[in-house]
Amino acid sequence: MHIVVLGGTGYVGRAVQEALLSHGHQIKVIARKGPVADGAQFVAGDVRDMDLATPFDEADAVVNLVGIIEESPAQQITFELMHVEVVRRVISAMSAVRVRRLVQMSALGTRPGARARYHKTKWIAEDLIRHTSGLQFTILRPSLLFGGGAPFFKMLQSQAKWPITPIPGSGNTQFDPVYRGNVAEFAALVLDNPNDAMGETFEMGGPERFSLNTMYRRAAQSVGKKQIMPWHIPYGLMMNLARFGENLPGFPVSVDQLLMLAENNTTDDRRWMQWVAPTPLGKDL
Ligand SMILES: NC(=O)c1ccc[n+]([C@@H]2O[C@H](COP(=O)([O-])OP(=O)(O)OC[C@H]3O[C@@H](n4cnc5c(N)ncnc54)[C@H](OP(=O)(O)O)[C@@H]3O)[C@@H](O)[C@H]2O)c1
């Protein structure tokens, strides 16, 4: 198949490129800057304003991986723009050139009435795809991803090296981290098996559940530190600090990220594991 991957150069996208190429597909990757994998075609562009119909023309499917975890309003990078408006543009361009198949990367925790704007806007995008697009879609909602230097685990690793490790709240919120390679392979498989995946929304958690405290400990062990000295900072205090600091360069966490860390991010949906053998959290964070 000819597949266009939007946001295919990022952390998830690099694995999705590899998976799609290994399944024998021809891929066109859209992002503002490369590089892309050998064998992939790169189209440089900004999804906020580029003509999408031209690169979509004659594609069999589109995979949309564009997403942000933090906003930069001064640079016109907001959740509404990147999650909702970009999806509107994708739907409209796909409809214009009659490309029917879309795989949309959403995120676990996305739901109506979500607290975090990241999740709220991912929900609006899902809703548009499900109810107004007329496309043959599959939506993937992974929990936190690990493997190949995940940005989240890199942050835990660096904080675990500090003499005292600041942990938001009690650290007891639960997560089902899922291996990046598993998600990428699943994305390739749903494209190969449309009859089993069309119109479906798959939540994707890994095979084991961890608290935030345990993930900090695992991150510490991975960098050779046997123990951490945790400093549990109440969420209320962290939120207040983030409200003032989140727009300063280098400030480690935003209000929206804190809202997400404060709630469990788990799922009982294990359907994807019938397609891909799940990889447990190991040394490759
Ligand atoms: N990482 C996780 O743990 C996780 C968990 C659940 C869901 N997700 C979802 O998975 C998707 C991919 O996440 P990721 O971690 O791979 O993010 P990422 O590393 O930040 O990659 C984002 C990709 O989007 C591209 N992009 C960003 N702004 C763009 C623009 N204006 N025009 C064109 N391309 C643009 C980036 O390339 P350029 O910057 O070069 O343009 C890059 O290819 C997102 O939708 C995210 O919400 C991620």
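Ala, Val, Leu, Ile, Met, Phe, Trp, Tyr, Cys and Pro are counted here as nonpolar, Asp, Glu, Lys and Arg as charged, and the others, Gly among them, as polar. By these classes, the shell around the ligand holds twelve nonpolar, six polar and four charged residues. The model is predicted. Of the 22 residues around the ligand, Gly7, Gly10, Val12, Arg32 and Gly67 come nearest. Helix H1 gives the most to this shell, with three residues.

H1 spans residues 11–22 and has twelve residues. From first C-alpha to last, H1 reaches 18 Å, close to the 16 Å expected at 1.5 Å a residue. The buried residues of H1 are Val12, Gly13, Ala15, Val16, Gln17, Ala19 and Leu20. Val12 thus appears both among the buried residues of H1 and among the residues that come nearest the ligand. The cover over the buried residues of H1 includes five strands and a helix, listed here by name: E1 (2–6), E2 (26–31), E4 (61–64), E5 (101–105), E7 (145–146) and helix H6 (180–192). After H1 comes Gly24, with a positive phi near 85 degrees.

Two of the covering strands, E1 and E2, also pair with each other. E1 and E2 run parallel and are joined by five bridges. Within this pair, Leu6 stands opposite Ile30 in E2. The chain passes from E1 through H1 to E2, and this β-α-β crossover is right-handed. E2 also runs parallel to strand E3 (residues 41–44), to which four bridges join it. Here Lys28 has Gln41 in E3 as its bridge partner. The loop between E2 and E3 contains Pro35. The peptide bond from Gly34 to Pro35 is cis, with omega near 5 degrees.

Positive phi values also occur in residues other than glycine. Glu58 has a phi near 70 degrees. Glu58 lies in the loop between helix H2 (53–56) and E4. A residue counts as exposed if 12 or fewer other C-beta atoms lie within 10 Å of its own. Glu58 has 10 such atoms within 10 Å and is therefore exposed. Gln76 is not a glycine either, and its phi is positive, about 60 degrees. The loop between E4 and helix H3 (79–96) holds Gln76. Gln76 has 12 C-beta neighbours inside 10 Å, so Gln76 also counts as exposed.

Gln76 is one of the contacts of Leu81, a residue of helix H3. Leaving aside residues up to four places away in sequence, Leu81 touches Arg48, Gln76 and Val86. Leu81 counts as partly exposed because it has 16 C-beta neighbours inside 10 Å. Leu81 and Lys28 are 53 residues apart in sequence. In space, C-alpha to C-alpha, Leu81 and Lys28 are 23 Å apart.

Further along the chain lies helix H8 (residues 212–222). The buried residues of H8 are Leu212, Met215, Tyr216, Arg217, Arg218 and Ala219. Two arginines, Arg217 and Arg218, are thus among the buried residues of H8. The cover over these buried residues includes helix H5 (151–160), strand E8 (165–168), strand E9 (174–175), strand E12 (210–211) and helix H10 (255–261). H8 is followed by Gly224, whose phi is positive, near 80 degrees.

Methods
Residues numbered from 1 in each chain as written. Predicted model: local features only at pLDDT ≥ 70, side-chain atom pairs only at ≥ 80, totals over all residues. Expected span 1.5 Å × (residues − 1). Buried ≥ 20, exposed ≤ 12 C-beta atoms within 10 Å, placed from the backbone. Contact = placed C-beta atoms within 7 Å. Near = placed C-beta within 6 Å. Pairing = 2+ DSSP bridges. Right-handed = clockwise from strand over helix to strand, strands pointing away.
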